[in-house]
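User: Hi! I have a chain open in my viewer and would like to talk through its helices, charges and surface. Could you take a look with me?

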Amino acid sequence: MDSTIWWWIALGILVLGLIIAIIGVVLFIKGMKEPMKKIKGSADNLKERVDGLNLEVTTLTHTATELQEEIAVKSEKVSVLVDAAKGTMNSVVDMNAAVRAITDRIITRSENDPQNKRQVKRLTNTADSIIHLPQNLQTINPDAENENYDTLYFGKVR
């Protein structure tokens with residue numbers, strides 16, 4: 001046989017191989033179409049989930065920022081309240097000291113002034129009389145148990 005025939009046979013085998021390869025590639029591509037659709041669907045689903053997670057992360061970050069701001073504001077308010085409470089306590093202590101000083105001055109002045117002593121004694125006696133008025137009324141009129149309690153008996157007017 002001639003070498004030309006061998007070349008034609010080789011060329012025919014090559015063309016037949018190419019045709020078989022092309023048919024194989026077409027069948028391979030056709031067979032990959034369905035799995036590729038599934039992979040694309042899975043990728044789309046994964047992308048949607050990632051987008052949802054990104055949205056949730058953004059929302060959580062925004063909420064965390066708001067909470068941090070709110071905590072900072074409330075912390076500042078608590079600090080102001082604590083400072084005010086400390087100031088109030090100091091004011092009360094100062095007020096007590098001032099009242100104590102004024103009271104001490106009044107006591108000193110009343111103890112040294114005879115007119116103030118008489119006035120204090122008179123006021124004390126008046127307050128004592130008012131406090132013991134029901135007992136004094138009983139002793140003025142010893143028969144009070146037998147009388148009507150709607151009227152007071154003052155006895156003889158002095």
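Analyst: Happy to; below we go through this predicted model one question at a time.

User: Which elements does the chain have, from the N terminus on?

Analyst: Let's start with the count: the chain holds 3 helices and 0 strands. Read from the N terminus, the order of the elements is therefore α-α-α.

User: How far apart are the end C-alpha atoms of α1, and what span should its residues give?

Analyst: Helix α1 covers residues 3-112. With 110 residues at 1.5 Å a residue, α1 should span 164 Å. That agrees with the distance between its end C-alpha atoms in the model, which is 153 Å.

User: Where in α1 is there a kink, and of about how many degrees?

Analyst: Look shortly before the proline P35. There, at K33, α1 has a kink of about 35°.

User: What share of the residues in the chain is buried?

Analyst: A residue counts as buried when its relative accessible area is under 20%. The chain has 158 residues, and the buried share of them is 3%.

User: What area does the chain expose, and what part of it do carbon and sulfur atoms supply?

Analyst: The exposed area comes to about 14,600 Å². Of this area, carbon and sulfur atoms supply 65%.

User: Which residues make the nonpolar surface patch, and is L11 buried or partly exposed?

Analyst: The patch has an area of about 990 Å² and is made by W8, L11, L14, V15, L18, I19, I22, I23, V26 and L27. One of these, L11, lies in helix α1. Because the relative accessible area of L11 is 41%, L11 is partly exposed.

User: What does UniProt place at residues 6-29, and how far apart are the ends of that span?

Analyst: An unreviewed UniProt entry gives the feature "transmembrane region" for residues 6-29. In the model, this span is 100% helix and 0% strand. Its end C-alpha atoms lie apart by 34 Å.

User: And which feature does UniProt place at residues 36-70?

Analyst: The model shows residues 36-70 as 100% helix and 0% strand, with end C-alpha atoms 50 Å apart. For these residues the unreviewed UniProt entry names a "coiled-coil region".

User: How many salt bridges does the structure hold, and why can such side chains pair?

Analyst: Side chains of opposite charge can pair when their charged atoms come close. In this structure, the number of salt bridges is 2.

User: Which residue does K40 meet in a salt bridge?

Analyst: The partner is 4 residues away in helix α1, so about one helical turn separates the two. K40 is exposed at 53% relative accessible area, while its partner is partly exposed at 35%. The N to O distance is 3.6 Å, and the partner is D44.

User: What is the N to O distance in the salt bridge of E70 and K74?

Analyst: E70 and K74 are also 4 residues apart in α1, so they sit about one helical turn from each other. Both count as partly exposed, E70 at 41% and K74 at 48%. Their side chains meet with an N to O distance of 3.1 Å.

Note on methods. Residues numbered from 1 in each chain as written. Predicted model: local features only at pLDDT ≥ 70, side-chain atom pairs only at ≥ 80, totals over all residues. Heavy atoms only, no water. Patch = residues over 30% accessible without salt bridge, like charges linked within 9 Å, V, L, I, M, F, W, Y side chains within 5 Å. Areas by Shrake-Rupley, 256 points an atom, 1.4 Å probe, with all protein chains shown as cover. Salt bridge = Lys/Arg side-chain N within 4 Å of Asp/Glu carboxyl O. Buried < 20%, exposed > 50% of the residue type's maximum accessible area, 1.4 Å probe, protein only. UniProt positions renumbered as here; feature names shortened; annotations may be inferred. Expected span 1.5 Å × (residues − 1). Bend = angle between axes of the 7 residues up to and from the residue.
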